[in-house]
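Thanks, everyone, for making the time. I would like to walk you through a few local features of this model, taking them one region after another, so please have the sequence and the coordinates open.

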Amino acid sequence: MVSYISATLVYTIIGPPIENGVLGLDADGTIIEILTAVEASLRPDIDIKYYEGAIVPGFINTHCHLELSNLKGLITKHKGLPAFVQEVIKLRVADEYALDSAMLRADREMFDCGVVAVADISNQIASQTTKLDSLIYYHTFVETIGFNPETASAIMERAVSLQNDFKPLPATLTPHAPYSVSAPLFNALKETAEEEDAIVSIHNQESLDENAFFIEKKGGFLDLYAMLGLDIEFFKPSGKTSIQTYLPLLSNAQRTLLVHSTYTSKADVTFAKGIHKQLYWCLCPKANLYIENKLPDVSMLMEAGAKITLGTDSLASNDTLSVFEEMLTLQKNFEIDAAELLKWGTWNGAEYMGIQDRFGSLEVGKRPGINLLSYKEKDGKISLVDFIRRLF
């Protein structure tokens with residue numbers, strides 16, 4: 001049985017919005033037909049349910065830390081990234097039941113907020129059960145952390161073992177951040193990723209301290225290494241920003257996600273685009289405000305033609321895992337057309353994750369999830385106002 005729904009605007013993402021467009025859906029939400037208002041008027045045989053607002057595809061969250069869900073409200077705001085990392089390390093140990101309950105709630109929250117797919121960072125197997133039972137599609141990034149060059153082999157061995165433990169869920173290895181991954185570990189990850197044709201994700205330029213560390217070996221990360229008891233005498237600063245230091249160590253043959261980029265400059269973007277042709281830039285604005293009380297230069301990224309996706313980071317650095325709220329935050333702080341924001345939160349994320357055959361757009365044959373949003377129009381411009389509900 002096919003049910004038909006319509007809204008004031010239907011954003012297919014791959015084309016302009018359709019005024020009073022109509023979607024024909026089967027029982028599991030697969031799109032059977034997409035009709036214009038005129039085409040629907042010629043079909044007196046179909047019963048259409050009308051909604052006021054905009055129908056859009058399900059959202060793609062390209063950066064999340066589900067296993068930090070139990071830290072909601074526990075981390076001090078606006079203390080900067082090095083201090084944030086230290087607090088996470090001290091607080092992340094939790095009893096199994098509390099963590100499982102927090103992850104289940106977070107997963108359900110994302111589903112209710114219209115999220116259909118998540119690229120999730122994991123350092124342990126704890127999230128596997130939640131992901132296996134979820135209605136959301138998950139790709140797990142098994143995160144590797146090890147700044148001492150001598151530990152690279154052991155870290156890779158543990159990471160590969162954890163990657164295998166996540167099966168049958170899709171899981172790939174990924175570096176945590178430039179300040180926590182040694183050159184030998186970067187090289188080992190590159191070799192593995194190229195063998196598996198894997199996607200890659202890395203935290204990028206989330207703080208001024210990150211650039212200061214690579215340029216002059218100064219800043220807050222020195223305190224972090226001291227807290228961890230790490231001797232970094234071996235490290236020699238490159239005299240370059242972090243992205244200009246580590247990006248040549250990644251394969252330019254893979255789709256690579258640069259997450260946060262709060263302190264990325266135009267020169268950094270120019271450099272990155274010059275050596276890597278499959279870059280995606282993930283914005284997590286609410287987390288940036290929570291940790292650094294600063295937003296990336298989104299206007300510059302747009303002008304540079306960066307392919308942008310959206311993420312929520314974790315409940316350690318956010319009060320919600322709603323991709324739509326990330327859109328509203330960006331819309332509040334920058335002049336961004338609603339259609340562009342929706343593309344970032346749907347198609348671009350699906351393309352990066354390689355799941356655009358099902359998600360990311362409204363097309364016949366897809367089961368992308370269907371969300372209904374409210375909006376307002378002024379001077380010919382559409383602004384998103386509120387998330388109403390998930391329809392399928």
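Let me begin with Leu228, which sits in helix H8, the helix that covers residues 221-228. I should say at the outset that what you are looking at is a predicted model. Is Leu228 buried, partly exposed or exposed? With a relative accessible area of 40%, Leu228 is partly exposed, because that class lies between the cut-offs of 20% and 50%. Leu228 also belongs to a nonpolar patch on the surface, where it is joined by Ile89, Met227 and Leu230, and the four together have about 300 Å² of accessible area.

Staying with H8, I turn to its aromatic side chains and to their partners elsewhere. The count of aromatic pairs comes to 15. One of them is formed by Phe147 and Tyr225, a stacked pair with 5.4 Å from centre to centre and 10° between the planes. This pair links distant parts of the chain, since Phe147 is in the loop between strand S8 (137-144) and H5, whereas Tyr225 is in helix H8, 78 residues apart. Phe147 and Tyr225 are both buried. Phe147 and Tyr225 are also members of one aromatic cluster, whose other members are Phe213, Phe214, Phe234 and Phe235.

The loop that holds Phe147 leads us to helix H5. Helix H5 takes in residues 152-165, and for its 14 residues, at 1.5 Å a residue, one expects a span of 20 Å, which agrees with the 20 Å between its end C-alpha atoms. Which residues of H5 are buried? They are Ala152, Ile155, Met156, Ala159, Leu162 and Gln163. Viewed down the axis of H5, these buried residues fall within an arc of 130°, and therefore they line one face of the helix. As a reminder, an α-helix has 3.6 residues a turn, so residues three or four places apart point the same way. On the face of H5 turned away from the buried side we find the exposed residues Ser153, Glu157 and Arg158.

Finally, let me come back to the aromatic pairs, with Phe147 and Tyr225, both buried, as the point of comparison. Phe324 and Phe387 form a tilted pair, with 5.9 Å from centre to centre and 50° between the planes. Phe324 lies in helix H13 (residues 323-333) and Phe387 in strand S15 (residues 381-390), so this pair ties together parts that are 63 residues apart in sequence. Phe324 is buried, at a relative accessible area of 2%, and Phe387, at 18% relative accessibility, counts as buried too, because the cut-off is under 20%.

Technical notes. Residues numbered from 1 in each chain as written. Predicted model: local features only at pLDDT ≥ 70, side-chain atom pairs only at ≥ 80, totals over all residues. Heavy atoms only, no water. Patch = residues over 30% accessible without salt bridge, like charges linked within 9 Å, V, L, I, M, F, W, Y side chains within 5 Å. Areas by Shrake-Rupley, 256 points an atom, 1.4 Å probe, with all protein chains shown as cover. Salt bridge = Lys/Arg side-chain N within 4 Å of Asp/Glu carboxyl O. Helix = DSSP H or I, 4+ residues; strand = E, 2+ residues; numbered from the N terminus. Buried < 20%, exposed > 50% of the residue type's maximum accessible area, 1.4 Å probe, protein only. Expected span 1.5 Å × (residues − 1). Arc of directions from axis to C-beta. Phe/Tyr/Trp six-rings, centres within 6.5 Å; stacked < 30°, edge-to-face > 60°.
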